Amino acid sequence: MITVEGLTRKYGTFTAVDDVSFVCQPGRVTGFLGPNGAGKTTTMRIMVGLTAPTAGRVTIGGHLYQDIPNPGRHVGVLLDASAQHAGRTGREILELGARTMGLDGSRVDEMLELVSLTPGEAKRRLRNYSLGMKQRLGIAHALLGDPSVLILDEPANGLDPAGIRWMRGLLKGYAERGGTVLLSSHLLNEVELIADEMILIGHGKIVAQGDKKSLLAGAKGSGTTFVTALDNQVLAEALQAKGFVVAGAGDGLRVETEPVEVGRTAAEKAIVLTDLRAADGGLEDLFLELTSDTQREGMA
Amino acid sequence: MSATTPALGHALDISTTRPTPFSRLVRVELRKSYDTRASFWLLMVIGLIVLATEVIVLIVTTVNDESIQFGDFIGAAAFMTSFLLPVLGIMLVTSEWGQRTAMVTFALEPRRPRVIAAKAVVGVLLTLATVVVAIVLGLVCNLVYGAIQGDADWTFGWAGFFAFIVNQTFAMLGGFALAALLLNTAGAIVVFFIYKWVLPILIGIGAALMAWFDKLAPWIDFLSAQNELYDWPLTGDQWAHLVVSGFIWLVIPIVIGVWRILRAEVK
Ligand SMILES: Nc1ncnc2c1ncn2[C@@H]1O[C@H](COP(=O)(O)OP(=O)(O)OP(=O)(O)O)[C@@H](O)[C@H]1O
Ligand SMILES: [Mg+2]
């Protein structure tokens with residue numbers, strides 16, 4: 001479990017992280033979401049003691065990172081996949097990590113296999129790695145010590161679609177086995193698919209947190225529904241009778257309410273629905289809205 | 001609360017994890033000192049220069065039919081390595097910063113002074129290895145000299161040997177200290193060579209021009225203080241000079257450098 005309490009980091013007069021508090025639970029993937037420069041990386045760097053906080057603190061499983069002996073065995077960290085010596089081979093980089101943590105050499109081969117780096121690729125020097133290969137190596141490095149907590153900064157960065165799907169499965173499985181995962185991204189779609197819990201940060205401040213459902217429920221203008229019925233006309237009238245705003249959209253209707261209200265209305269009137277879903281982009285709108293400086297104008 | 005309550009998984013059980021032993025850090029740092037092309041070739045070049053120097057001394061002395069002692073071979077090698085060992089000390093520190101690997105190193109061992117100490121130990125070990133190479137090659141050269149000239153002089157003063165090791169180690173640590181202070185390869189090399197070549201001249205000029213400075217000079221001239229070691233044993237004054245100037249040129253930069261590394265945001 002990661003506990004962030006009142007974390008603040010100032011650079012001169014600029015506040016990069018502003019009184020941030022949240023908790024990452026074991027068994028769940030927590031997505032840390034925010035636009036460029038929001039303070040995600042800074043927060044994660046403070047977590048592992050690479051940057052000192054101006055105020056507040058982070059504990060991992062009840063300990064300050066600095067107090068964890070051989071921390072690589074407990075906390076897997078990937079902050080910047082290219083922060084490795086360009087002249088070392090991928091294998092050598094993992095080898096150094098494994099030796100520092102006091103692990104068997106066989107662990108290196110296991111990890112290389114896990115992230116699908118071939119023996120040939122593992123022999124190449126890091127400067128000749130593609131972005132995605134560096135990222136895979138970084139993930140392998142984070143997993144080396146079989147940690148129970150993972151802190152990953154934009155782990156999907158540079159991965160191909162198959163790689164992203166693989167990573168999603170990997171992290172989900174990891175959390176299901178009781179691990180704590182915190183991963184950051186500025187891509188909503190990516191996080192939406194992996195994360196059980198989301199923390200939204202903008203300009204150094206937490207603007208929203210919770211699971212996807214509760215976030216959407218709290219969003220302004222949330223609850224736009226697309227619905228298609230066998231008889232759209234009847235459904236539209238029934239909804240309007242209840243006072244909902246209805247408009248035509250493609251083959252169906254766009255209703256300014258929650259899907260549950262639409263479904264209830266349909267059930268009451270015994271109308272057969274062929275499609276019912278929350279309007280796409282609801283979360284994306286929310287994200288942009290919450291993290292935008294010019295909230296209202298920006299959302300017009 | 002019963003004693004059999006299973007762990008909730010919220011707390012990290014660190015009771016069975018042993019801290020990373022210092023010896024392991026040293027072994028990892030030693031490996032880092034030769035596992036890239038740049039670091040490997042620096043070590044190779046040091047070895048090759050020792051070899052080349054002693055062979056040239058051998059050739060020149062035999063061709064000119066000059067007499068030479070065992071210790072002279074090593075002295076010549078020591079003169080050459082006193083240029084390269086500081087660079088080794090510098091690279092041990094700065095390769096970590098220039099390549100940003102410090103992020104990984106310090107994430108795996110957040111107690112940063114231990115990492116710096118491990119690097120210093122590696123520097124001393126490599127310096128001692130250089131000393132051994134210089135002595136073994138000097139031995140071979142002197143044997144060859146003896147075979148050619150019919151007679152080898154095995155004089156090798158213990159004072160000279162001791163001074164040689166201390167000199168070389170201080171040279172390496174001098175580079176190490178400046179690198180810790182500046183965290184920049186080029187800067188540390190430039191400052192080191194100013195310290196080694198320009199500063200003694202300035203001290204000489206200053207001492208010649210100003211009587212008070214003449215008195216001060218021995219207290220700040222670390223290189224001269226080290227050279228006194230060749231005339232073992234030292235007087236009390238010489239010891240004091242060595243300690244004070246060594247404090248200025250080794251201890252102060254290392255302390256400030258470590259303080260800086262401790263506070264630094266590792267990017
Ligand atoms: N050493 C520093 N000095 C001054 N400002 C800094 C420093 N480090 C970070 N910042 C600023 O802090 C803010 C937060 O940066 P951070 O890297 O945490 O953003 P981020 O959320 O990770 O963004 P991205 O999605 O682009 O990675 C930025 O405005 C950045 O310029
Ligand atoms: Mg970032």
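This is a short talk on a predicted model with chains A and B.

Let me start with chain A. It has 300 residues, and 52% of them count as buried. The secondary structure is mixed: twelve helices and 13 strands. The chain is split into two domains. Domain 1 runs over 2–209, and domain 2 over 225–279. How far apart do the C-alpha centres of these two domains lie? The answer is 43 Å. To set that beside the whole chain, the C-alpha atoms of chain A fill a box of roughly 70 × 45 × 30 Å along the principal axes.

Next, contacts within chain A. Take pairs of residues at least 6 apart in sequence. Of those contacts, 68% join residues at least 24 apart.

Now the surface. Chain A has an accessible surface of about 13,000 Å². Carbon and sulfur atoms hold 49% of that area. As for charges, chain A carries 31 positive and 36 negative ones. Their mean positions are 6 Å apart.

On to chain B. Here we count 267 residues, with 45% buried. What is the secondary structure of chain B? Ten helices and zero strands. Read along the sequence, the pattern is simply α-α-α-α-α-α-α-α-α-α. The C-alpha box for chain B is roughly 90 × 50 × 35 Å, again along the principal axes.

For contacts in chain B with a separation of 6 or more, 76% come from residues 24 or more positions apart. The exposed area of chain B is about 13,400 Å². Carbon and sulfur supply 72% of that area. The charges in chain B number 16 positive and 17 negative. Their mean positions lie 22 Å apart.

Let me zoom in on some local features. Begin with helix α1 of chain A, residues 40–47. Is this helix mostly covered or mostly open? Mostly covered: seven of its eight residues are buried. The buried ones are A:K40, A:T42, A:T43, A:M44, A:R45, A:I46 and A:M47. So the list includes a lysine, A:K40, and an arginine, A:R45, both of which count as buried because they fall under 20% relative accessible area. After α1(A) comes A:G49. The phi of A:G49 is positive, near 75°.

The next helix to look at is α2 of chain A, residues 90–101. One residue in α2 deserves a stop: A:T100. Why does A:T100 count as buried? Because its relative accessibility is 10%, and the cut-off for buried is under 20%. Which residues does A:T100 touch, leaving aside neighbours within four places in sequence? Within chain A, the partner is A:N70. From chain B, the partners are B:T20, B:R24, B:L25, B:V28 and B:L108. So if you have the model open, A:T100 is a residue where you can see chain A in contact with chain B, since contact here means heavy atoms within 4.5 Å.

Last topic, cysteines. How many disulfides does the structure hold over all chains? Zero. Two cysteines are worth a look for their cover. A:C24 counts as buried, because its relative accessibility is 0%. B:C141 is buried as well, with a relative accessible area of 6%.

To wrap up, two items to keep on screen. Chain A combines twelve helices with 13 strands, whereas chain B has ten helices and zero strands. And A:T100, in helix α2 of chain A, has contacts with residues of chain B, among them B:L25 and B:V28.

How values were computed:
Residues numbered from 1 in each chain as written. Chains lettered and ligands numbered in written order. Predicted model: local features only at pLDDT ≥ 70, side-chain atom pairs only at ≥ 80, totals over all residues. Heavy atoms only, no water. Domains from an automatic or database assignment. Helix = DSSP H or I, 4+ residues; strand = E, 2+ residues; numbered from the N terminus. Buried < 20%, exposed > 50% of the residue type's maximum accessible area, 1.4 Å probe, protein only. Areas by Shrake-Rupley, 256 points an atom, 1.4 Å probe, with all protein chains shown as cover. Lys, Arg positive; Asp, Glu negative; His and termini not counted. Charge placed at Lys NZ, Arg CZ, Asp CG, Glu CD. Disulfide = S-S within 2.5 Å.
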